[in-house]
Amino acid sequence: MNRYRAHDKKVKILATLGPAIQSENDVRALVFNGANLFRLNFSHGDHQDHAERLNWVRNVEQELGTSLGVLMDLQGPKLRIGCFADGPIMLVKGQRFYLDLDSTPGDSTRVNLPHPEIIQALEEQMELLLDDGKIRLRVTAKNGTCIRTEVLVGGELSERKGVNVPEAVLNLSPLTTKDRRDLSFGLELGVDWVALSFVQRPEDIIEARKLIQGKACLMSKIEKPSAVEHLDRIVELSDAIMVARGDLGVELPAETIPAIQKKIIQTCRHNGKPVVVATQMLESMRFTPAPTRAEVTDVANAVYEGADAVMLSAETASGAFPTESVSMMSKIIRNIESDPGYQAHLDVNRPVPNATVEDAISCAIRRVSGILDVAVLINFTNSGATGLRAARERPKAPILNLTPNLSTARKLTLAWGIYSVVSPEFAQPIEITPTALDEAKRLNMASPGDRVVITAGIPFDQPGSTNLLRIETVQ
């Protein structure tokens, strides 16, 4: 089988591992059906669970001879109210309700809010959202230990429900004590990507990078209104971005999310940073073997907009049809990518190249692949930087990266259109053209008579030095 059909689509699938995936065989089935990398959600499960699942991925990776990335998703701060003395309460529109630092169980007039940073940040007329936005409160007064609110949207409220404060920036690190402990464990395991939750400002990314120390790539989750406001700088400081539409959809009006998603994708492509669209993409497939038409359209729109990857959360982690969910997502992606309008849309929205040799070559291979019907673009790379610049161009042909670094190959499993082969021989001066053509033929990415484009940096041992472009015909 030709590399397990890995390269028959350009948009990647990030699948979450959880209780529904119970063995190495289950991971293998996800890969066969189109999964390219895997998410370990540290909001659930213990360290032993995550270590076992990562080990399954590594075993399948070795067995299939393909690169599979692993992303650890940190939980981040969880802001919640306290408990009620007599069970759930009912809030009525217009009533007065207090949230305070008193740990005494609450009642229909008040509840504990064990987060002084929220009380400090809120101002009169700001809104609080409880229970994923089902309850809406407006601040009418505050002091150092208590806020008085008016209920805008009432309903039943039970203990330990979540709190969102969309209009305030909290003086709160995105990394809790639990996150720091999880991060240390994940880096020791050898994860390839770290997803940072609760990003509010660029400084949050700088803090996380100091802890990661270059041992993994950093993905910032855009799920707070303040992160949208600082989007350009956050994208600049991150290795990749996740459009985390769950919390983002709670804190911002639902009707604004499509435009924000499009803006984030465009900003990431302009900066050459991979971007993942996540949350409830095929939600109904948690319970049924087929998605709704609206879900199919949602995935299709993310692909049309130029996303590098789309993510499955509960669909594969705890749903009844994890393999079918990946298979369906692959079918949607391949169908959109076969539409001539897809490539035309990507070309129209391509970013302006920078005045660098790497961007000049990347721009050239996009043009060449569009003019000459090129089968594959083959790139010798060390760090993966040139591959990412080529992916930024969204060329018509797939990108085959030949690299000596397994860590580079795993990192690039997230990037649009890139598939990698790892071998120590790619670190040494070799016969570039024969090696490139042999690999393309071995993977069934090119056949005799096909044209291919080859790029490399001379000398080989200098990352970021791509300065060679060849157009060759497979013999």
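In this predicted model, helix H1 passes helix H2 in a right-handed crossing. H1 covers residues 24-32 and H2 covers residues 47-64; the two pack with their axes 9 Å apart, at an angle of about 55°. That angle makes H1 oblique to H2. On the H1 side, the contact is made by Glu24, Val27, Arg28 and Val31, and H2 answers with Trp56, Val57, Asn59, Val60, Glu63 and Leu64. Sorted by character, the residues of this contact come out as six nonpolar, one polar and three charged.

Some of those residues turn up again in the charge pairing. Side chains of opposite charge can pair when their charged atoms come close. Here, Glu24, Arg28 and Glu63 are joined into one network by salt bridges that share partners. Glu24 and Arg28 belong to the H1 side of the helix contact, and Glu63 to the H2 side. Over the whole structure, the search turns up 25 salt bridges.

A second helix pair, H14 (residues 357-372) with H15 (residues 385-392), has axes that come within 9 Å and cross at roughly 45°. H14 and H15 are therefore oblique to each other, and their crossing is right-handed. Glu358, Asp359, Ser362 and Ile365 make the contact from H14, while Thr386, Arg389, Ala390 and Arg392 make it from H15. This set of residues divides into two nonpolar, two polar and four charged.

H15 itself is worth a further look. Six of its eight residues are buried, so H15 is largely enclosed by the rest of the structure. The buried residues are Thr386, Gly387, Arg389, Ala390, Ala391 and Arg392. Besides H14, the buried part of H15 packs against helix H9 (257-271) and four strands: E17 (376-380), E18, E19 (418-422) and E21 (466-473). Thr386, Arg389, Ala390 and Arg392 thus appear both in the list of buried residues and in the contact with H14.

Just past the end of H15, the backbone does something notable: arginine 394 takes a positive phi of about 50°. The side chain of arginine 394 also meets that of aspartate 308 in a salt bridge, at 3.0 Å from N to O. Arginine 394 sits in the loop between H15 and strand E18 (399-403), and aspartate 308 in the loop between helix H10 (293-304) and strand E16 (309-312), so the pair ties together parts that are 86 residues apart in sequence. Both arginine 394 and aspartate 308 are buried.

Aspartate 131 likewise combines a positive phi, of about 55° although it is not a glycine, with a salt bridge, in this case to lysine 161. The closest N and O atoms of the pair are 4.0 Å apart. Distant parts of the chain are linked here too, 30 residues apart: aspartate 131 is in the loop between strands E7 (127-130) and E8 (135-142), and lysine 161 is in the loop between strands E10 (155-157) and E11 (163-164). The two partners differ in accessibility class. Aspartate 131, at 13% relative accessibility, falls under the 20% cut-off and so counts as buried. Lysine 161, at 27%, counts as partly exposed.

For a salt bridge inside one helix, take arginine 233 and glutamate 236, whose side chains meet at 2.9 Å, N to O. The two residues are three apart in helix H7 (residues 231-237), and are therefore separated by about one helical turn. Arginine 233 is partly exposed, with a relative accessible area of 36%, and glutamate 236 is also partly exposed, at 47%.

Two more loop residues round out the picture. Phenylalanine 198 is not a glycine, yet has a positive phi of about 60°. Its place is the loop between strand E12 (193-196) and helix H5 (202-212). With a relative accessibility of 7%, phenylalanine 198 counts as buried. Histidine 115 is found in the loop between strand E6 (110-112) and helix H3 (116-121), and at 11% relative accessibility counts as buried. Setting aside neighbours within four places in sequence, the contacts of histidine 115 are with Lys78, Leu79, Arg80 and Leu101.

Notes
Residues are numbered from 1 along each chain as its sequence is written. This is a predicted model: local features need pLDDT of at least 70, side-chain atom pairs count only at pLDDT 80 or more; totals for chains, interfaces and linings use all residues. Side-chain values use heavy atoms; hydrogens and water are left out. Axes are lines fitted to C-alpha atoms, for helices over the stretch in contact, and angles run from 0 to 180 degrees between N-to-C directions. Angles under 35 degrees count as roughly parallel, over 145 as roughly antiparallel, 65 to 115 as roughly perpendicular and the rest as oblique. A crossing is left-handed if the near helix is turned anticlockwise from the far one by less than a right angle, and right-handed if clockwise. Contact means heavy atoms within 4.5 Å. Ala, Val, Leu, Ile, Met, Phe, Trp, Tyr, Cys and Pro count as nonpolar, Asp, Glu, Lys and Arg as charged, and the others, Gly among them, as polar. Buried means under 20% relative accessible area, exposed over 50%, partly exposed in between (1.4 Å probe, protein chains only).
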